[in-house]
Every structure is written in structure tokens, then in C-alpha cells.
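I set out to record a few local features of this structure, entry by entry. The notes below follow the order in which I looked them up.

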Amino acid sequence: MTLAIIDTHAHLDMPQFDRDRAEVINRAHEAGVVAIVNVGTDLKSSEHAIKLAEVNPGVFAAVGFHPHEVASVSKADIRRLIDMARHKKVVAIGEIGLDYYRSRSPHEIQHKVLEWQLEVAAESNLPVVIHSRQAEADMVDTLKKWTASAKPRDDGIRGVIHCFSGGIETARQYLDMGFHISLGGYIGYPTSRNSHATIRALPLDRLLIETDSPFLPPQSRRGQRNEPSYLPVTVMALAEIKGVSPETVARETAANARRVFHLP
Ligand SMILES: [Zn+2]
């Protein structure tokens, strides 16, 4: 039996896939991954994401500047982003956010470029894909201000918190603001056991799954390159934690992904 699932966060434009990108996408489809949202991290990677989406019916693009890549982002770059956002296979602005773990760009600049991109999302009527690492308080604050001022999409969906690993209080604040929560292969790591209670408390109708390929492979593939065909491992892990069937996890998370990103 093959599950029909959606990988809501992958970076197949990265050089780790230069050798075998087409095979990786084929393997994903064989594994039941019916759609992949390929997420950009800067202008070049976002352009590549769009190209991949143009030639692969099951691939969709998100465009944006990752917090690691914002140091030299200009207003002209943001105008380019606005243009890209009009492409019919662009389904989100992302990934965007704050990263205080690596802090590769100064925090003030991370904030400024995040706010610019939140504005682009609101004007383009697109959801956002949020990256937040060791920046939870500032991220909740920034998104509260944004959701209080920017008009929501008709369905009220604001976007996705990618690779969520926070506590239930933080999750509730994101959910209340109209965000979905996305979980990756790390939920099956032995060190993630203490997050299971939080995951059980998250409503299944607001959850997405992702690989974050080439990063964060499932436990059985630690140390290797991750790829979308490994997503069923995360379906199994989430089903076990939630005490529901893998079919239920597959069906619900795919339906949620279609709603968030307006996928066909
Ligand atoms: Zn990512």
C-alpha cells in the first residue's frame, strides 16, 4: 500500500542534488509523495525552485530569503521577490524568519528583512514559511504584530511554522494566529521523546509534514543526505505518537497542505 503524502519543505535546488535530482523526484513519487514544496533560501535558489516547479508537475515553489542569507538583501532584491511571487507555481513566501542559533546575519537585519518579506506575502496573498531557531519570543512578537495589521487571506491561513520543536504554549500562540505547524523526521529521533506530549496535543487538522531535504534525515538514515522519498518514515512516526493509523496521518496532513498552499 502506498500513501499519498505531501512534502511541504524540501531544498532540491541545493548542490547536494546536482548529481541525481531527477531520480530523487522519481523516487519521491514512487514512495507516494504526490507533491513537494521546494523552498528557496535566496534569489538564486528561489529562481531554481521555480525552474524545478516549471518542469515537474508535482513540484511547487516557495520564494524568499532565509535568515542566514539576509545580510546584503536590498529593496531591489525585494522587488525581484515580488515579481517572482506572481509566478503561478509559487505557493508561498519562504523560508523567512529569525535564526539566533547560528546568527549568521546581524539580528537587526534579520528583523528588517523578515518584516519586508511579511509585507510581500500579505500583498501577494500568499502564506509564509517561517524558520525560527532559538528566536521563539521575538518570532511570536513579530508575527503577532504582523497578523494584527496585515489583512489575512480569506480562509484566515497565515502560513507554516517549519521544523517546529517548541513547547505547547508557543504552538498555541502560532495556531491562534492562523499558522499551521510542520514536523520533520526529527520527531523519530530518540532525543525527541520529550516532545511527544506536545505533538499529541497538536490538532491533526493543523499539522503538516516535511523532510527539509537534504537536512534532518530520519533516524535510520542519520548521517546521510535526506530526500523526499523518506517522508513515509515520518508518517509512521507521527501515527505512532498520535495513536492513529498512517493512512489517517497521510490523508489529514495532505489535505492540510493543499489548504495552506492551494495545491491542486
Ligand atoms: Zn529549510
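Entry 1. In this predicted model, I looked up the polar contacts of the Thr253 side chain: one of its polar atoms lies 2.7 Å from the backbone oxygen of Val249. The Thr253 side chain also reaches the backbone oxygen of Ala250, at 3.4 Å. I placed Thr253 in helix α9. Its relative accessibility is 3%, so I entered Thr253 as buried, the cut-off being under 20%. Setting aside neighbours within four places in sequence, I found Thr253 in contact with Leu207, Leu208, Ile209 and Leu238.

Entry 2. I turned next to α8, in which Leu238 is one of the buried residues. Of the 12 residues of α8, 9 are buried, so I noted this helix as largely enclosed by the rest of the structure. Besides Leu238, the buried residues include Leu231, Pro232, Val235 and Ile241. I asked which elements the buried residues of α8 pack against. They are β1 (5–10), β2 (33–39), β7 (179–183), α7 (196–201), β8 (207–209) and α9 (246–261).

Entry 3. I checked the length of α8 (residues 231–242): at 1.5 Å a residue it should span 16 Å, and its end C-alpha atoms are 17 Å apart, which agrees. Gly243 follows α8 and has a positive phi, near 70 degrees.

Entry 4. I then examined α2 (residues 43–55) and α3 (residues 75–84), which pack at about 10 degrees with axes 11 Å apart. The angle is under 35 degrees, so α2 is roughly parallel to α3. Leu43, Ser46, Glu47 and Ile50 of α2 make the contact with Asp77, Arg80 and Met84 of α3. By class, I recorded 3 nonpolar, 1 polar and 3 charged residues there.

Methods. Residues numbered from 1 in each chain as written. Predicted model: local features only at pLDDT ≥ 70, side-chain atom pairs only at ≥ 80, totals over all residues. Heavy atoms only, no water. Helix = DSSP H or I, 4+ residues; strand = E, 2+ residues; numbered from the N terminus. Expected span 1.5 Å × (residues − 1). Buried < 20%, exposed > 50% of the residue type's maximum accessible area, 1.4 Å probe, protein only. Contact = heavy atoms within 4.5 Å. Axes fitted to C-alpha atoms, helices over the stretch in contact; angles between N-to-C directions. Parallel < 35°, antiparallel > 145°, perpendicular 65-115°, else oblique. Nonpolar A, V, L, I, M, F, W, Y, C, P; charged D, E, K, R; others polar. Polar contact = N/O pair within 3.5 Å; in protein donor to acceptor, adjacent residues only side chain to side chain.
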